[in-house]
Amino acid sequence: MRRSAVIPFLAALATVPAAPAVASSSGPPAVTTGAASAIGPTSATLNGTVSPNRLTTTATFDYGTTTAYGASASAGTVTGNAGKSVSVTITGLTPSTVYHFRLTAANASGQSTGQDMTFTTTALGAPPYTISIAASPSTVTYGRQAAISGRVTGPKKSGGIQLTLQAQPFPFAIPFQTLGAATSANPNGRYSFTVTPLLRTRYQVVANTAPPATSAVVVVNVRYAISLFVSRSSVHRGGRVRFFGLVRLAANGRTVFIQRHTRSGRWRTVAKTVLKRTASRTRSSYSNRRRVFATGTYRAHIRGHGAYSASNSGQRTITVR
């Protein structure tokens, strides 16, 4: 082939669009047993999370007074890929009794079992004080705050009741621990705590009533704080651009995905790089150079794992002249 014919041929190859990203394969569900809520003398609500992994998945709670369980209750069917909350209320329990429970889930690829959890039913005739609880926001960027708030209600005035906040960080292997000083409910029974979790953390509130009342459990998820910078925001076709930034909390060795926004509205991975150590113990850095052939919007992405949720940087647009 003559040289004059080779050059146009290579240029044509450069304009061929990249193949679309291949979706990850389906697999067995991932399950997490949550804490029980609405615990009474003879009933309780069992909670958990199921990630179906793109397959129709059935969820079931096993429960009983030992780890042999002996009883089960269906929590229905879930679909999709992201984690889905499931729950079921069980009745016919014995007052003042410790119960074990766990969440199991099954789909066409297999079955998964969550960790064992326990709760204790209340005594008959216990004062009906209840505590509502909510987290806002439920997911924060590392270093940001969330509010844990709610209301105490009961047969008497709730204003002035002392409340303590308890926390249980991932992997939830240790008991709840009291966090900071107690606070008092306002005249309407309302309360609020401010928290700055360093990783995914469960929270509950305990009221100093007789006997003590405990709220349900809420989870505050934490995502990494990722910055994204580009060495050039305008380039000629095929020009090299450096993508770089910092991540807090330090996650040395974890993969950062450089992604481009597609016309279909999805994000397609175009490059990968690994987080590296910096002089700061709380930060990691990343850097990647690649050629850019078309105008586009980019972001940096870190996949979620046990302690942290999936995290995205701000967006950067690169214009090809």
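Pro-137 is placed in the loop between β10 (134–136) and β11 (139–141), where strands (E, at least two residues) are DSSP runs numbered from the N terminus. The peptide bond that leads from Ser-136 into Pro-137 is cis, with omega near -5 degrees. The model is predicted, so local features need pLDDT of at least 70 and side-chain atom pairs count only at pLDDT 80 or more, while totals for chains, interfaces and linings use all residues. Residues are numbered from 1 along each chain as its sequence is written, and side-chain values use heavy atoms, with hydrogens and water left out.

**Backbone geometry**

- A further cis peptide bond joins Arg-248 and Leu-249, with omega about -5 degrees. Leu-249 belongs to the loop between β23 (239–248) and β24 (255–261).
- Ala-38, a residue other than glycine, has a positive phi near 50 degrees. This residue is found in the loop between β1 (30–33) and β2 (44–51).
- Ala-38 counts as exposed, at 57% relative accessibility. The classes are buried for under 20% relative accessible area, exposed for over 50% and partly exposed in between (1.4 Å probe, protein chains only).
- Arg-54 also is not a glycine and has a positive phi of about 70 degrees. Its place is the loop between β2 and β3 (57–64), and Arg-54 is partly exposed with a relative accessible area of 40%.

**Strand β23 and its partners**

- In a regular strand the side chains alternate between the two faces of the sheet.
- Along β23, Gly-239, Val-241, Phe-243, Gly-245 and Val-247 point to one face and are buried. Arg-240, Arg-242, Phe-244, Leu-246 and Arg-248 point to the other face and are not buried.
- Strand β27 (residues 283–292) runs antiparallel to β23 and is joined to it by ten bridges; two strands pair if DSSP finds at least two bridges between them. Within this pairing, Leu-246 stands opposite Ser-285 in β27.
- Strand β20 (residues 225–226) is antiparallel to β23 and joined to it by two bridges. The bridge partner of Ile-226 in β23 is Val-247.
- Two bridges likewise join the antiparallel strands β21 (residues 229–230) and β23. Here Val-230 stands opposite Phe-243 in β23.

**Nonpolar cores**

- The largest nonpolar core has 46 residues, and those with the most contacts inside it are Ile-148, Leu-163, Val-205 and Tyr-286. Apart from this core lies another, of 22 residues, among them Ala-73, Val-88, Ala-105 and Met-117.
- A nonpolar core is a set of buried Ala, Val, Leu, Ile, Met, Phe, Trp, Tyr and Cys residues joined through side-chain atoms within 4.5 Å.
- In soluble globular proteins, nonpolar side chains tend to be buried together.

**Aromatic rings and charges**

- The structure has seven aromatic pairs. Rings of Phe, Tyr and Trp (its six-membered ring) pair if their centres lie within 6.5 Å; planes under 30 degrees apart count as stacked, over 60 as edge-to-face and the rest as tilted.
- Ring pairs connect Tyr-99, Phe-101 and Phe-119 in a cluster.
- Arg-202 lies over the face of Phe-172, at 3.8 Å from the ring centre. The criterion is that NZ of Lys or CZ of Arg is within 6 Å of the ring centre and within 35 degrees of the ring normal.
- Arg-242 lies over the face of Phe-244, at 4.1 Å from the ring centre. Both Arg-242 and Phe-244 are among the β23 residues that point to the face that is not buried.

**Salt bridge**

- The structure holds one salt bridge, defined as a side-chain nitrogen of Lys or Arg within 4 Å of a carboxyl oxygen of Asp or Glu. The side chains of Arg-102 and Asp-62 form this contact, at 3.1 Å from N to O.
- The pair links distant parts of the chain, with Arg-102 in strand β6 (residues 98–107) and Asp-62 in strand β3, 40 residues apart.
- Arg-102 is partly exposed, with a relative accessible area of 27%, whereas Asp-62 is buried, at 14%.

**Polar contacts of Thr-121**

- Thr-121 is found in the loop between β8 (117–120) and β9 (130–131) and counts as buried, at 2% relative accessibility.
- The side chain of Thr-121 reaches the backbone oxygen of Thr-94 at 2.5 Å. A polar atom of the same Thr-121 side chain lies 2.9 Å from the backbone nitrogen of Thr-97.
- A polar contact is a pair of N or O atoms within 3.5 Å; within protein, one must be able to donate a hydrogen and the other to accept it, and residues adjacent in sequence count only if both atoms are side-chain atoms.

Terms used
Helices (H or I, at least four residues) and strands (E, at least two) are DSSP runs, numbered from the N terminus.
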